[in-house]
Amino acid sequence: FVLPLGEEEPSQQLQIELSGLNAGSVGQKISAPTPEAMTLSDEHLERIPRILPALGRLTTIEKPSDFQTMLLASLLLYTRNSLHSDVVDRLIAVLVSLESMLLRDHSEPIQSSLAQRLAVLTKEGVAERADLIRAVRRCYDIRSKFLHHGLRKTEDQAAVELVLEATWHFFWDCVSHHERIKSISDFHSKIDASLLGGHRVNLAH
């Protein structure tokens with residue numbers, strides 16, 4: 001199903017009626033969001049038929065490569081962000097899904113490695129890549145403040161939106177071209193070659 005951002009989770013209402021000092025009655029109900037009409041652009045309608053067959057093949061392949069196995073697991077992590085309306089909860093799901101795909105091992109510096117690889121996978125120019133790298137670092141700051149201090153403040157909504165958009169395009173490209181990538185090692189080698197050459201990763205080749 002599709003709902004406007006922020007209305008994904010039904011809210012609960014608790015009603016207590018007091019009579020003197022005693023609770024006369026207690027009632028609880030779930031307030032489901034009201035469906036709203038949403039319009040998809042011609043671009044979205046054109047691209048959806050192309051992605052669905054590729055996604056179908058990914059989920060039904062009999063002998064998946066290690067890349068396809070990792071991609072499917074990461075997609076399941078990524079989709080959890082749609083179950084939350086809170087930005088911090090969404091960021092946690094998104095960043096974990098990216099880490100599982102973009103990091104070679106646990107010895108790598110997480111923020112810088114992920115930010116650079118996501119940038120070279122989704123952005124063309126140097127300025128655009130620099131903006132995305134800064135946005136990824138801001139998102140890690142937001143996540144860290146919640147995990148270590150319980151703070152849910154989102155001071156930089158633009159950075160969050162930039163990372164969410166880049167993540168969407170990243171997984172779209174991975175699903176679209178999963179049959180062209182031989183292995184996780186091949187995937188990371190493509191990224192490393194682009195980092196050295198300065199060009200954007202083309203997963204179709």
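**How the labels are earned**

Analyst: Let's start in the middle of things: both F170 and F187 are buried (buried is under 20% relative accessible area, exposed over 50%, partly exposed in between, with a 1.4 Å probe and protein chains only).

User: What kind of model is this, and how are residues numbered?

Analyst: It's a predicted model, where local features need pLDDT of at least 70, side-chain atom pairs count only at pLDDT 80 or more, and totals for chains, interfaces and linings use all residues. Residues are numbered from 1 along each chain as its sequence is written, and side-chain values use heavy atoms, leaving out hydrogens and water.

User: How many helices and strands does the chain have?

Analyst: There are 7 helices and 2 strands (DSSP runs numbered from the N terminus: H or I with at least four residues for helices, E with at least two for strands). Read along the sequence, that gives β-β-α-α-α-α-α-α-α. Of the chain's 205 residues, 33% count as buried.

User: What makes the F170 and F187 pair "tilted"?

Analyst: The search of the whole structure turns up 5 aromatic pairs. In this one, the ring centres of F170 and F187 are 6.4 Å apart and the planes sit at 45 degrees, so the pair is tilted. Phe, Tyr and Trp rings (Trp by its six-membered ring) pair if their centres lie within 6.5 Å, with planes under 30 degrees apart called stacked, over 60 edge-to-face and the rest tilted. F170 belongs to helix 6 and F187 to helix 7, 17 residues apart, so the pair links distant parts of the chain. Ring pairs also join F67, Y78, F170, F171 and F187 into a cluster.

User: Why is helix 3 called oblique to helix 6?

Analyst: The axes of helix 3 (residues 87–102) and helix 6 come within 11 Å and cross at roughly 40 degrees. That makes helix 3 oblique to helix 6, because under 35 degrees counts as roughly parallel, over 145 as roughly antiparallel, 65 to 115 as roughly perpendicular and the rest as oblique. Among the residues making the contact are V94, S97 and M101 of helix 3 and L164, F170 and F171 of helix 6 (contact means heavy atoms within 4.5 Å).

User: Why is S74 called buried, and what does its side chain meet?

Analyst: S74, in helix 2 (residues 66–79), has a relative accessible area of 1%, so it's buried. Its side chain makes a polar contact with the side chain of S100 at 2.6 Å. That fits the rule: N or O atoms within 3.5 Å, within protein one able to donate a hydrogen and the other to accept it, with residues adjacent in sequence counting only if both atoms are side-chain atoms. Beyond four places in sequence, S74 touches S97, S100, M101 and F171.

User: How do you know that H188 is buried?

Analyst: H188 has a relative accessible area of 4%, hence the label buried. You'll find H188 in helix 7 (residues 184–197). Its side chain reaches the backbone oxygen of M101 at 3.1 Å. Not counting residues up to four places away, H188 touches M101, L102, L103 and R104.

User: And why is V163 called buried?

Analyst: The relative accessible area of V163 is 1%, so the name fits. V163 sits in helix 6 (residues 157–176). Leaving aside neighbours within four places, V163 is in contact with L132, A135, V136 and C139.

Note on methods:
Axes fitted to C-alpha atoms, helices over the stretch in contact; angles between N-to-C directions.
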